[in-house]
Amino acid sequence: MVASDLREVSHDVRDLVAGRWAVAIGFEGDVVLARFGSWREQEYPRHPWPPVRSHWRTSLDQPAYEDAVRRVQHEIRRGWVYQVNVCRVLSAACEAPTLHGLYDRLTVMGAQFGGCLDLPDHGVHIASASPERFLSQAGVTLSSSPIKGTAGTPDGFLDKDRAENVMIVDLVRNDLSRVARTGSVSVRQLLGVEPYPGLFHLVSTVQGDVDTGWPDILRATFPPGSVSGAPKHSALDVIGKVEPCARQWYCGAFGWIDIDNRRAELAVAIRTFWLSDGTLKFGTGAGITWGSDPAGEWEETELKARRLIALASTG
């Protein structure tokens, strides 16, 4: 699907009352909404990509990341949280003016919720190959499919992975219940094992029926529970203490909303690159519980990052 004929750009979710919009919401709450006059199905045009050759920097190196894991476990010990997603942002100098060429490369990952948003007059260049559904709407039905648990093989999941997934499913049920019809929230899939290039994930699906509009839906559910933690308010407090920089577009919401036809597909913006002032960035993270091994959680972030670095660093 290719959107063109840009009609309006907004930074306020209260404008989601009519029309079809491309949507990007950063983890910290920055909003870019682009209303296009034309949405049509066509083959995505191919673009060249100048490979990134410069050194990749990380906001948390291995010792700092493992220390952040231990700090989260201290907060779990004192009863403030049950689970927290700890992320780091990687960055490198980049010569590309847009991310169209990188999005071409990302499509090989086969992500269900891939997309590219290019608004040069607004400094917005985002390319995503997210496998994770944040919110999908079909009529009155609203669905969310949190991913928690990553392994290199389908039988490689730990008890910690399953416990973490169930925690987040409970959080998503609570979020949806704030806007869903009473009694309509249900878990349609629990702990499903799904394959992705180079790894496997545990995926669950929660859904409910809603009558309210998108400003209320986003107020009740954002940021995504799978990339914050449980309880969400406490997890966000801990994230602010252990992560040294903003996640920006990483871990936010990315996709489209068609208000008139009550349809939407919003991904959790993981496996997502953004370009700003000649610097290419993406994020990687892991969910931390009491049973986490700090070195193992670091390696999970490395597992997720390797494929993205390889795609960005080759022509």
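**Exercise 1. Which backbone oxygen does the side chain of His201 reach, and at what distance?**

*Basis.* The model is predicted: local features need pLDDT of at least 70, side-chain atom pairs count only at pLDDT 80 or more, and totals for chains, interfaces and linings use all residues. Residues are numbered from 1 along each chain as its sequence is written, and side-chain values use heavy atoms, with hydrogens and water left out.

*Solution.*
1. Locate the residue: His201 belongs to strand S12 (residues 199–209). Strands (E, at least two residues) and helices (H or I, at least four) are DSSP runs, numbered from the N terminus.
2. Identify the oxygen: the side chain of His201 reaches the backbone oxygen of Gly149 at 3.2 Å.
3. Add the side-chain partner: a polar contact of 3.1 Å joins the side chains of His201 and Thr150. A polar contact is a pair of N or O atoms within 3.5 Å; within protein, one must be able to donate a hydrogen and the other to accept it, and residues adjacent in sequence count only if both atoms are side-chain atoms.
4. Assess burial: His201 counts as buried because its relative accessibility is 3%. Buried means under 20% relative accessible area, exposed over 50%, and partly exposed in between (1.4 Å probe, protein chains only).
5. Survey the surroundings: leaving aside residues up to four places away in sequence, His201 touches several residues, including Phe157, Tyr196 and Arg271. Contact means heavy atoms within 4.5 Å.

**Exercise 2. Describe how helices H1 and H5 pack.**

*Solution.*
1. Two packed helices are described by the angle between their axes and the distance between the axes.
2. For H1 (residues 62–77) and H5 (residues 232–242), the angle is about 145° and the axes are 10 Å apart. Axes are lines fitted to C-alpha atoms, for helices over the stretch in contact, and angles run from 0 to 180 degrees between N-to-C directions.
3. H1 supplies Ala68, Arg71, Val72 and Glu75 to the contact, and H5 supplies Val238, Lys241 and Val242.

**Exercise 3. Is helix H4 enclosed or exposed?**

*Solution.*
1. List the buried residues of H4: Trp214, Pro215, Ile217, Leu218, Ala220 and Thr221.
2. Draw the conclusion: six of the eight residues of H4 (residues 214–221) are buried, so this helix is largely enclosed by the rest of the structure.
3. Place H4 in context: the protein has six helices and 17 strands, and 54% of its 315 residues count as buried.
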